[in-house]
Each structure stands twice: as structure tokens, then as C-alpha cells.
Amino acid sequence: MTRNRWDDHYARRARDEKWLARSVYKLQEIDKKFKLIRKGDRLLDLGCYPGSWSQYGIKKVGPKGNIVGIDLILPEHLSSFNFRFILNDVLTVDTDWLIREIDPRDVVMSDLAPQTSGIRLTDAARSMSLTKKASEIAFALLKNKGHFVCKVLEGPDLKPYMSEISGRFRQLRLFRPKAIRKRSTEVYLVGLEFVE
Ligand SMILES: C[S@@+](CC[C@H](N)C(=O)[O-])C[C@H]1O[C@@H](n2cnc3c(N)ncnc32)[C@H](O)[C@@H]1O
């Protein structure tokens, strides 16, 4: 059997366990550690395609919670009565429009990934733009004491940006789940208990 170089343990496990992507194991580990998602929560999933984070969210929040997902691509294999998909570009979407469309959220999560060039500094800068817009949306939509989790590629602007926004959360951490591929510069920003 031929396997491509990304067909690792997590990818195979995701297929066996019927998750839409291996990324689910990153969120699962973050959630286990920081206890972000609870029954009845309302979640916003930025960069939700193909849908494993939302799929995990749907299971965790149960029928009384709901999830809104945004992406440039329709997650065609994901459907649930409490999942709403918005086809849009996070970088250009009008945050005021989102506030009118979506009620306040308990958790805003972003697994947004830029088109990568292979040049570390360029990719980190692209990722930082997505992170800044994801945080702007989180600040507009999070309930008091809500949580924020956001993928970011490490680069020179990350630590200064963390200092800039640290006052918005009771705690702001960086966390690297085990499912991140070894050579990746990816890390997750975790903001606990948003201060409105
Ligand atoms: C790593 S994938 C997300 C995987 C997802 N968390 C899951 O578990 O299935 C990153 C996603 O970010 C989306 N994305 C990148 N830039 C975007 C943008 N500007 N607006 C909306 N979505 C974007 C991509 O289309 C892609 O689907």
C-alpha cells in the first residue's frame, strides 16, 4: 500500500474514528488541558473546513449548544441542526456584520492557516494577519469569561502581539499539542477568561 508522507498515526486514527481531519486531536488535547468547551456552549470556529473541530464541538456542546463555522470552503461532509456555516473570507469579513449575525460566544476558536510559501518569515507574517483578525472577531463576540484558542505560526511578531493583548484575558498561554507535525512552527495561543 502506498502512503503519502502526511499519512501518519494521527491521520490513520482520524479515519478509523470517523473524524473529518487529524487536526481534531490538537483541539482535543487543548480542550482536555484547559477545559475550554462545555455542554450548552456557543462556539465560533474560524477556518472550519473540512470540519473536525466543529464536529468535536457538536459532540461536546450537545443539543443545547450551537456552532457557527466560517471558511472559504464549504465543509460538505458536516451537517447538524445546531451547526451554521458562513462562506466568507475572515480577513475581509465585516466584524460589525458578524456581531449582528451571531449572538455572543462562549468560545472562539481559530485553526486558520495561510497559504504557505515555504519562507518562514513570510508564512509567519501571513499567519499573524489571520491571528490579528481572529482576535478582533473574538474581542467583538466573546462573552465575559469566554475562551479563545488560535493557531499561529511562530515568528518575531508573536511575543509582542501577546504582550499587546494579554490584558484582555485572565491568562494568555502558548501551547503545542502533540499532534502538531514535528517540523511545523505551529503553536496555539490560548486566552482564558476574556475580560469584556
Ligand atoms: C488547517 S485548516 C482547518 C482545519 C479544521 N480546524 C478542521 O479541524 O477540520 C485551515 C482552514 O483555514 C481556512 N482559511 C484560510 N484562510 C482563510 C480566510 N482568509 N478566511 C476563511 N478561511 C480561511 C482554509 O480554507 C482551511 O480550510
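Which residues come nearest to the ligand? In this predicted model, they are Gly 47, Tyr 49, Ser 52, Val 90 and Asp 111, out of 21 residues around the ligand. Two elements give two or more residues each to this shell, namely helix α3 (52–61) and strand β2 (66–71). By residue class, the shell divides into 14 nonpolar, four polar and three charged residues.

**The sheet**

Let us turn to the strands. Seven of them form an open sheet, and reading across it gives the order β3-β2-β1-β4-β5-β7-β6, with mixed pairing. The edges are taken by β3 (83–87) and β6 (169–175); each has a single partner strand, so one side of each is left without a neighbour in the sheet. From one strand to the next, the twist averages 15°. Helix α2 (residues 24–34) packs on this sheet, where it touches β5, β6 and β7 (186–194). The direction of α2 makes about 35° with that of β7.

Some of the pairing can be followed residue by residue. Strands β1 and β2 run parallel and are joined by five bridges; Leu 46 has Ile 70 in β2 as its bridge partner. Strands β2 and β3 also pair in the parallel sense, over five bridges, and here Asp 71 has Leu 87 in β3 as its bridge partner.

Is β1 enclosed or open to the outside? Strand β1 (residues 42–46) has five of its five residues buried, so it is largely enclosed by the rest of the structure. Both of its faces are covered: Arg 42, Leu 44 and Leu 46 are buried on one side, and Leu 43 and Asp 45 on the other.

**The nonpolar core**

Leu 46 appears again in the largest nonpolar core, which has 45 residues. Along with Val 108, Ala 134 and Val 149, Leu 46 touches the most other members. The strand that gives the most to this core is β5 (residues 142–153), with six residues. If you would like to look at one of these residues in the viewer, try Val 149: leaving out residues up to four places away in sequence, Val 149 touches Ile 30, Leu 36, Met 109, Tyr 188 and Val 190.

**Helix α3**

Now back to the helix that helps to line the ligand shell. Nine of the ten residues of α3 are buried, so this helix is largely enclosed by the rest of the structure. The buried residues are Ser 52, Trp 53, Ser 54, Gln 55, Tyr 56, Gly 57, Ile 58, Lys 60 and Val 61. The elements that cover them include α2, β1, β2, β3 and β4 (105–110). After α3 comes Gly 62, which has a positive phi near 70°.

**Three residues to compare**

Here are three residues from separate entries, with their surroundings.

| Residue | Other C-beta atoms within 10 Å | Class |
|---|---|---|
| Gly 51 | 29 | buried |
| Leu 78 | 19 | partly exposed |
| Phe 175 | 15 | partly exposed |

Gly 51 is found in the loop between β1 and α3. Beyond its neighbours within four places in sequence, Gly 51 is in contact with Leu 20, Pro 75, His 77 and Leu 78. Its C-alpha atom is separated by 20 Å from that of Val 187, which is 136 residues apart from Gly 51 along the chain.

Leu 78 lies in the loop between β2 and β3. With 19 other C-beta atoms within 10 Å, Leu 78 is partly exposed, because a residue needs 20 or more to be buried. Outside its neighbours within four places in sequence, Leu 78 is in contact with Leu 20, Gly 51, Ser 54, Gln 55 and Phe 83. Ser 54 and Gln 55 are among the buried residues of α3. The C-alpha atoms of Leu 78 and Phe 169 are separated by 31 Å, and these residues are 91 apart along the chain.

Phe 175 is found in strand β6, one of the edge strands of the sheet. Setting aside neighbours within four places in sequence, Phe 175 is in contact with Ile 30, Lys 33, Tyr 188 and Val 190. Among these, Ile 30, Tyr 188 and Val 190 are also touched by Val 149. Phe 175 and Lys 151 are 24 residues apart in sequence, and their C-alpha atoms are 9.6 Å apart in space.

Notes. Residues are numbered from 1 along each chain as its sequence is written. This is a predicted model: local features need pLDDT of at least 70, side-chain atom pairs count only at pLDDT 80 or more; totals for chains, interfaces and linings use all residues. A residue is near a molecule or strand if its C-beta atom, placed from the backbone, lies within 6 Å of it. Helices (H or I, at least four residues) and strands (E, at least two) are DSSP runs, numbered from the N terminus. Ala, Val, Leu, Ile, Met, Phe, Trp, Tyr, Cys and Pro count as nonpolar, Asp, Glu, Lys and Arg as charged, and the others, Gly among them, as polar. A nonpolar core is a set of buried Ala, Val, Leu, Ile, Met, Phe, Trp, Tyr and Cys residues joined through C-beta atoms within 7 Å. A residue is buried if 20 or more other C-beta atoms lie within 10 Å of its own, exposed if 12 or fewer, and partly exposed in between; C-beta atoms are placed from the backbone. Two residues are in contact if their C-beta atoms, placed from the backbone, lie within 7 Å. Two strands pair if DSSP finds at least two bridges between them. Axes are lines fitted to C-alpha atoms, for helices over the stretch in contact, and angles run from 0 to 180 degrees between N-to-C directions.
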